[in-house]
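Here's a quick tour of a two-chain model, going from the contact between the chains to a sheet, a helix and the cores. Have the structure open as you read.

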Amino acid sequence: MRLEPEQEAILRGERGRGMAKAMETLVVYGKAFGARRLVPIRSGHLAGTFGILSYKGYYSILEQLVAEGVKFKVPTTANPRPGQKLNLLNRVLFSHQSRLEANLASLGVIPNYSCVCYEQANVPGRGDVLAWAESSAVQFANSVLGARTNRNSILIDVCSAVTGLTPEFGYLLDEHRRGQVLVRLDIERMDAAALGFIIGRRVVDKVPVIEHRDFSWIELKNMGGAMAAAGAVALFHVEGLTPEAPDLKSAFDGAPPTAISVSQKDLDAMRIKDPDQSDLVVFGCPQMTLEEASQLAQRFTRAKVKKPTMFCLIPEAKKRFEATDLCGQVQRAGVRVADCCPVAALAARVGKRRVLTSSAKCLCYLAGTVYGTVDDCLQACGAGS
Amino acid sequence: MTTFKGTAIVAGRGAGKALVTRTPINFTAALTKPHNLLPWRRGEIRDRHHDLFGSNVAGTVLVFPACVGSTFTGMVLMQLMSEGKGPAAIVVQSADSLLVSGAVLARVWFSKGVPVVEYQPDDLFEKIRPGDHVVVDGESGEIRVGMELADR
């Protein structure tokens, strides 16, 4: 790999041991993928925001950087908080939360605390090079916004944010952004999250190109989040909708090499047979936008929910939602309106309470979770008809 | 004994009993459940969606197709390795950015390496069977498969 003189100097330790190791990390990481150089990034996004007591290595590295006075070189946002104040168990599980947040603040993080950073806090443009973590944000930035980032791990995200650099390989390069699998749809009632889960399972780490559908922004968010959890999809295209797929020919740069087909039957097979066989209903993974929460809230027309129900919103969206009458309506119905990550917040829930969710990403991570469509979930919690 | 060669991705040398799966692994879903907080269950796979549920990766040569899911992966692997509870070596069909990050982070920040060798063909799962004793060289990419260990 060829380094600029300034990068060599950092590697030699002229800006401290922490910065030297951050640079070394990026160089070794890049070399493993044949990167020839480090390139500047426009922004960072960090996934390591849960102060779980067992991740001592992560905290020690952040503390070393803070002690040496290091700051993020580019605007850098961060993932949701884990709901550390939700109950006593979470206070213990996430006992490092305040220490972690203090360190991130010292490094200069933008405290958006949402996985949906691309809605408002950190919106890249087409062609921008990034070094983000958070699989769902990575795929949205690549696929829907046409920015360029690899699937970077926690700590790689930090090393890139402090140096302002990322090794040039993978999804930064044109040749890795072309479609690899055509996804044909035979679906009457679209459920984008379930579709994302199925595509993730089937294509694993390939670049899928989905036949044209007019997916909404919210559907793209929830479908992509599922694809990046059930699979390792960093980039997908939708024919005639996403920026790098005006038509199939340009998305594939020729003819599709392979194709798969997803049917209504496949989507329906994801759903729990009886949504009432659940103890808790969760919406918002990735976190909900104001529009998404408002749409759902309109369905809560009855007096009380039948079982505990949780909305998880982008913190900024939650503030705006709370200023609306709809928020009062769902809260009076007994819905808990939160701005944390539901997966982290419910990981240590007491007993074997079965969670029903319309998030196929949540399904991948939260033990004891079953899946239903948004309507299944609304039926289970007794909202409207 | 058979010997074959893959692509060396991350340097180092490791040996152990093969833990083999044809299902991609989501390391975050597998290794960040409340059970994994217990020091002796750090490396235990707790993903109900995975066929290795209940197996422990510590000291094994982990043989699998690919990493999927969350970008926690690198930190999770780094932490395991820094505590000496990670796999002894990794043989994977597709070495992605997250798996490699874990090995790189452990080496740079904690001087704890784990060799990673990539071998794409599907006959990987005929060459290495569960419980085989495997030696992996992350410099040359050489993989040696010996006889099954007696304590399988």
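## The interface

In this predicted model, chains B and A bury about 3300 Å² between them, and 68% of that sits on carbon and sulfur atoms. Chain B puts 39 residues into the contact and chain A puts in 47 residues. On the chain B side, look for B:T71, B:M75 and B:W109: they supply 22% of the area that chain B buries against chain A, more than any other three residues.

How many salt bridges does the rule find across the interface of chain B and chain A? The count is zero.

## Strand β5 of chain B and its partners

Next, go to β5(B), residues 89–92. Both of its faces are covered: B:A89 and B:V91 are buried on one side, and B:I90 and B:V92 are buried on the other.

β5(B) has a parallel pairing with β4(B) (residues 61–64), made over four bridges, and here B:V63 has B:V91 as its bridge partner. There's also a parallel pairing of β5(B) with β6(B) (residues 116–118), over three bridges. In that one, B:V92 stands opposite B:E118.

Now for the connections. Helix α2(B), residues 73–82, joins β4(B) and β5(B) in a right-handed β-α-β unit. From β5(B) the chain crosses through helix α3(B), residues 97–110, to β6(B), and this crossover is right-handed.

## Helix α17 of chain A

Over in chain A, helix α17(A) covers residues 374–381. Which of its residues are buried? They're A:D376, A:C377, A:L378, A:A380 and A:C381. Their cover includes two strands you can pick out by number, β10(A) (280–288) and β11(A) (309–313), along with α12(A) (290–297) and β13(A) (355–357). After the helix comes A:G382, with a positive phi near 80°.

## Two nonpolar cores

The largest nonpolar core has 166 residues. The ones with the most contacts inside that core are A:Y58, A:I210, A:F300 and A:F311. Take A:F311 as an example: leaving aside neighbours within four places in sequence, A:F311 is in contact with A:F283, A:M288, A:A293, A:L296, A:A297 and A:F300, and also with A:F321, A:V330, A:V335, A:R336, A:V337 and A:A338.

A second core is separate from that one and has 16 residues. Among them are B:F4, B:Y119, B:I143 and B:V145.

Note on methods:
Residues numbered from 1 in each chain as written. Chains lettered and ligands numbered in written order. Predicted model: local features only at pLDDT ≥ 70, side-chain atom pairs only at ≥ 80, totals over all residues. Heavy atoms only, no water. Buried < 20%, exposed > 50% of the residue type's maximum accessible area, 1.4 Å probe, protein only. Pairing = 2+ DSSP bridges. Right-handed = clockwise from strand over helix to strand, strands pointing away. Contact = heavy atoms within 4.5 Å. Core = buried A, V, L, I, M, F, W, Y, C linked by side-chain atoms within 4.5 Å. Buried area = accessible area lost by both parts, 1.4 Å probe. Salt bridge = Lys/Arg side-chain N within 4 Å of Asp/Glu carboxyl O.
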